[in-house]
There are 2 protein chains.
Amino acid sequence: MPGLANIWPAPGTPLSELLTPLPVIDEARMADNIARAQAYMDRLGRAFRPHIKTHKLPEVARAQLEAGAVGINCQKVTEAEVFAEAGFDDILITYNILGAARLARLKALKARVARLAVTADSFEVVAGLAATFCADAPLTVLVECDTGGGRCGVQTPSAAAALAAEIAAAGGLRFGGLMTYPAPGGAAAVESFVSSAKALLDDAGLGCPAVTVGGTPDFFAAGDIPSATEHRAGTYVYNDRAMVRAGHASLDECAMHILVTVVSRPTPDRAVIDAGSKALTSDLLGFQDHGLIVEYPGARITGLSEEHGVVDLSGIAGEGPKVGEVLRVIPNHTCVVTNLFDRMVFHDGEKVTRVLKVAARGTVW
Amino acid sequence: MPGLANIWPAPGTPLSELLTPLPVIDEARMADNIARAQAYMDRLGRAFRPHIKTHKLPEVARAQLEAGAVGINCQKVTEAEVFAEAGFDDILITYNILGAARLARLKALKARVARLAVTADSFEVVAGLAATFCADAPLTVLVECDTGGGRCGVQTPSAAAALAAEIAAAGGLRFGGLMTYPAPGGAAAVESFVSSAKALLDDAGLGCPAVTVGGTPDFFAAGDIPSATEHRAGTYVYNDRAMVRAGHASLDECAMHILVTVVSRPTPDRAVIDAGSKALTSDLLGFQDHGLIVEYPGARITGLSEEHGVVDLSGIAGEGPKVGEVLRVIPNHTCVVTNLFDRMVFHDGEKVTRVLKVAARGTVW
């Protein structure tokens, strides 16, 4: 009996021979997504820093850098460790790093990465960083600002300036600028917050080396935040159903499909596919159903259990798919699908091109 | 810089030293859950077959067998392969197995597992199995019945009998009985369907070697289905917030907690924890929020992004948790959390007892 390692297909294998459920990445679409996004940021004269959360693959991040990206964005220290190991030397971790064990790992990481930066949104986080790093190898720290996203971040420009002063005063830290993850459509709020904060920073003699903003949904409206110097985005590399809804991409620009098999047709209106929450995840992102079936766009994946997806066929003409038929699903959210699979299969047309180990899968610390 | 493999703690490590987010399993609670469930099925005189989807750990399945379980339940061929490799010799795969590659793997699996059975709910599935197996090593096939769960399964007792006849007529297959995954509270519907189907099977001279039903939510009402000969359940081993809501378990019988750290307190009413959809998953299971914080039961995890959980503190008295505070979250759904982590950490009180590789993580085929 071959082991699990032998499940992964060799280059040249037809997609029709793959076991399902399985996400596959269209090489040409991904390359186009990388080129289109970079070209936009180049035209805008803005630095682009892809977030690796979407693919977790050093090989893809390398292609993003080769297209012109200035560095990469990670969310966790252990994610960054994987990319440092692969040779990446410009990494921004947009996260509050806390606790002795994690700070020790961050310090070890700093010794290996030429340009490493993190973010902070509280005096507690800055205190931990300040106690860890020394003036001979200072760490760059940006202040995270809540510009309406409602997650982390200082709440006011004056709080941003106060925290920047605290960072600048720490011997082992350097103030690196402002970071925010805007709410969708939040350009005006970002610009207002950032311009106020920059004025305060200038008054305090601190300056503001960078303003990094982010997100794929408003990617092509990045020009609406003129104060920004850098944009971060992850999802654009594969795209997904949520990005199509946001107007960022067309269905033909979605590079990830989940190949699924119809395993049951219990009733005329119901099909069951072999992809459940352990393949598609339960991320709805505002949708009422769990992904788009390319071959049957009128069908709706109405429910997921762990290894089954229940499909309502009442909205389609004809009899619908047969038992054994393989379908392609565009997921609601591509980034979380990546996180479920040990390897990612790439293809050109109907043939597998390469199978990459998802090196940073499982790095949640 | 130590590699990811060195993140996992040695036995004896205090939980307070662990990196978060991290699920941990309370050894005593898990042992109690295993014993209590087995004792109930023993009193009922019913065979008990735990579903390994919840833990994906041969070591835990071994404890379930030692307590008295008759065998294990898997959902996918590759899951079963991992357990066959670990020496398990009585495996029921409750899934329609389709396609040449998967059928070939199933045949290889059959050669290694003394008692292997699968389910089928259509003539297409039976045809594939019949073409794969031979009379010298026949495969046991049960008919899956939809008794109200609305997933897979034949729709009527007569359809069940017709499919059983097809199985019995195939030289390489043996009819193994009826299988269903009931809807919650669906005991009467199951009993009605099964008793009708059994009468038809008797009339046809096929008999019905087994009736296997399942689920944790109605576990302690299994006596309401007197026709059943076997019960399958997975979640009971750890339990979760949904099982507490269902009345199956108390909060003190939840063996899995996710250790999380408060990374931000942007406002008096908002905390942010370092566990998002890549640690807790987005499974709501009917809840409006994403898990129960043990230390602050009035707090609500209102939103998840991939690596952040946003917590609404407006419902609690006092100031709430500080930045850096470690909290314990009981997840809505434990089974999908298991699927995200490469290893599972067990503990006795505040000390780590063992760290097990989640051997069947990622086995979705």
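**Two contacts: chain to chain, and domain to domain**

Let me begin with the contact between the chains, which takes 59 residues from chain B and 59 residues from chain A; please keep in mind throughout that this is a predicted model.

On the side of chain B that touches chain A, the elements that each supply at least two residues are helix H3 (77–85), helix H4 (100–110), helix H5 (123–132), strand S10 (256–267) and helix H9 (334–338) of chain B. Of these, S10(B) gives the largest share of that side, with six residues. If we sort the same side of chain B by class, we find 23 nonpolar, 20 polar and 16 charged residues.

I would now like to turn to the inside of chain A. Chain A is divided into two domains, and domain 1 is made of two segments, 10–24 and 248–357, while domain 2 runs over 28–238. The centres of domain 1 and domain 2 of chain A, taken over C-alpha atoms, are separated by 33 Å.

Where these domains of chain A meet, ten residues of domain 1 are in contact with 19 residues of domain 2. On the domain 1 side, the elements of chain A that give two or more residues are helix H9 (334–338) and strand S16 (343–348), and the largest share, three residues, comes from H9(A).

What is the make-up, by class, of the side of domain 1 of chain A that touches domain 2 of chain A? That side has five nonpolar residues, together with three polar and two charged ones.

Definitions and conventions. Residues are numbered from 1 along each chain as its sequence is written. Chains are lettered from A and ligands numbered from 1 in the order in which they are written. This is a predicted model: local features need pLDDT of at least 70, side-chain atom pairs count only at pLDDT 80 or more; totals for chains, interfaces and linings use all residues. Domain bounds come from an automatic or database domain assignment. Two residues are in contact if their C-beta atoms, placed from the backbone, lie within 7 Å. Helices (H or I, at least four residues) and strands (E, at least two) are DSSP runs, numbered from the N terminus. Ala, Val, Leu, Ile, Met, Phe, Trp, Tyr, Cys and Pro count as nonpolar, Asp, Glu, Lys and Arg as charged, and the others, Gly among them, as polar.
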